[in-house]
Amino acid sequence: MAESRDKTTDQMKLWKENRGSQKPDVLTTGGGHPIGDKLNLQTAGPRGPLLVQDVVFTDEMAHFDRERIPERVVHAKGAGAFGYFEVTHDITRYCKAKVFEHVGKTTPIAVRFSTVAGESGSADTVRDPRGFAVKFYTDEGNWDLTGNNTPIFFIRDAMLFPSFIHSQKRNPQTHMKDPDMVWDFWSLRPESLHQVSFLFSDRGLPDGHRHMNGYGSHTFKLVNTDGECVYCKFHYKTDQGIKNLSVEEADHLAATNPDYAIGDLFNAIANGNFPSWTFYIQVMTFEQAERFQFNPFDLTKVWSHKEYPLIPVGKLVLNRNPVNYFAEVEQLAFDPSNMPPGIEASPDKMLQGRLFSYPDTHRHRLGANYLQIPVNCPFRTRVANYQRDGPMCMSDNQGGAPNYYPNSFSAPQTQPRFVESRFRVSPDVARYNSEDEDNVTQVRAFYTQVLNEDERQRLCQNFAGSLKGAQLFIQKRMVENLKAIHPDYGNRVQTLLNKYNAEAKKNTNVRVYSRPGAAAIAASSKM
């Protein structure tokens, strides 16, 4: 039995074997002082109290009390690995970024896969989108492509993001997952229908991280050496083939092996079975964007592969596991505003919101100097700027160089060739309502053309199996949204809901949450 253990199970044994004949290191405090006894407190007598001078204990306990850092608000549960990106096709006609400068060029990468809504201890096999974020350590600074395993998202306006995530998290009173919250939000925002349909299809339960595609999802802008711009979407297609779990398999793994996807990735790399993805772009000219039948920056929609075919670019390969999870995965921070020259943001409202939100949450979670943490450091270029100080500064703080700009003392200077591309903005500034920007056409195509009959049936079963937990008025509203996509879609889900509701004997025990009045508060205080 012991011989069949996998690499994750045998990690401690393998670590010891890798040390060979090395003797154990001398045990020390955090300050490097050798420790003589790590098993017994220093006390006044065998039964006496602890002495304050026991710095071996206080050093250990004080650090232990501070081990946890804030959990990611979203994408808390994840796995990471390292490898390289290799250019296989020339796209310099579209983009001047050095990461693409010639065929055969390789760039180190870090990748983090994750679920979205669950906490750090949640199961890997729940029905949820998967984060698929790639950090390219390029010659011109880090490029963070913070994508998912879906080409679309639930919303198109970043103003809704906090409320959307709140609806997917825990009820503020019961601290339980609440289907009323989930389905109330989705049914009130019909732009979510495309992603919700994708989520409840077979691809909502990927078999680990190796067997799913990745997408930059947003629309970006590429700029070439002549200053010519095009819009772009990024795709990375798994070379292992798409593989999904059945509902029964996913539920079983959630109960018996909740870290299934983390282990699958770690063991594959440890065994030399390096996963890879083929990297593509889609390109749309500004003129095509003006004529596009949808808003080309709408994150709830895709670009037709027939009209805008995939253009091969390169290969992503993962060939190294993290040496330490906390140092290289928990502290790994992705920021969509990290874009080297040649890659820029588009008017995509969700992307624009993330340009602020992501670095802001990293500064909260990891500190103002999070980009000095080795796994986040742009180590292939030299950072030179006028940022100084802050907690946990890990460098020489740029020594005695001037900390103000402009100056007369040969400190870092701007380089005009790196100025962002110019673009024209003419509309009036307002809060534009994008709620009803054709929320059904592409979902109808997904339902009728992309899915086969068996897949449609499973989609409706999965959909109704979750929706049944919401109150009846929410169920009805959601079904009406589905009928707007296609009558068959709505009718199938309604038929299944009728069955589920009948089996539950129409137990519509409505939950009402209200703030207690002053009398109730006064009464409870006397108990």
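What follows is a walk through the overall dimensions, two helix pairs, one pocket and two backbone oddities of this predicted model. Residues are numbered from 1 along each chain as its sequence is written. Local features need pLDDT of at least 70, side-chain atom pairs count only at pLDDT 80 or more, totals for chains, interfaces and linings use all residues, and side-chain values use heavy atoms, with hydrogens and water left out.

The protein chain comes to 15 helices and ten strands, taken as DSSP runs numbered from the N terminus (helices H or I, at least four residues; strands E, at least two). The C-alpha trace spans about 75 × 75 × 60 Å along its principal axes. For 527 residues, a compact globule would have a radius of gyration near 24 Å, and the 27 Å of the protein chain agrees with that; the radius is taken over C-alpha atoms, and the globule rule is 2.2 Å times the number of residues to the power 0.38.

On to the helix pairs. Helix α13 (residues 472-485) packs on helix α14 (residues 487-503) at about 155 degrees, with the axes 6 Å apart. Axes here are lines fitted to C-alpha atoms, for helices over the stretch in contact, and angles run from 0 to 180 degrees between N-to-C directions. α13 and α14 are therefore roughly antiparallel (under 35 degrees counts as roughly parallel, over 145 as roughly antiparallel, 65 to 115 as roughly perpendicular, the rest as oblique). Among the contact residues (heavy atoms within 4.5 Å) are Leu472, Val479 and Leu482 of α13, and Tyr489, Val493 and Leu497 of α14. By class, this contact has eight nonpolar, five polar and one charged residues, where Ala, Val, Leu, Ile, Met, Phe, Trp, Tyr, Cys and Pro count as nonpolar, Asp, Glu, Lys and Arg as charged, and the others, Gly among them, as polar.

Helices α11 (residues 441-450) and α12 (residues 453-467) pack at about 130 degrees, with their axes 8 Å apart, and are therefore oblique to each other. Tyr447, Thr448 and Val450 of α11 meet Glu455, Arg456, Leu459 and Cys460 of α12, giving four nonpolar, one polar and two charged residues.

As for empty space, the second largest pocket has a volume of about 1400 Å³. Its lining counts 36 residues, with Phe297, Pro347, Asp348, Lys349 and Pro427 nearest the centre. α8 (286-291), β10 (343-345) and α10 (349-365) each give two or more residues to this lining, and α8 gives the most, with four. By class, the lining splits into 15 nonpolar, six polar and 15 charged residues. A pocket is an open set of points on a 1 Å grid over the protein atoms alone, where a 1.4 Å probe fits, with protein on both sides within 12 Å along at least five of seven lines; lining residues have an atom within 4 Å of a point. Grid points are joined across faces, edges and corners, and the volume is the space filled by probe spheres set on the points.

Finally, the backbone. The peptide bond from Tyr405 to Pro406 is cis, with omega near 0 degrees, and Pro406 sits in the loop between α10 and α11. His75, in the loop between α2 (55-64) and β1 (78-87), has phi near 60 degrees, a positive value in a residue other than glycine.
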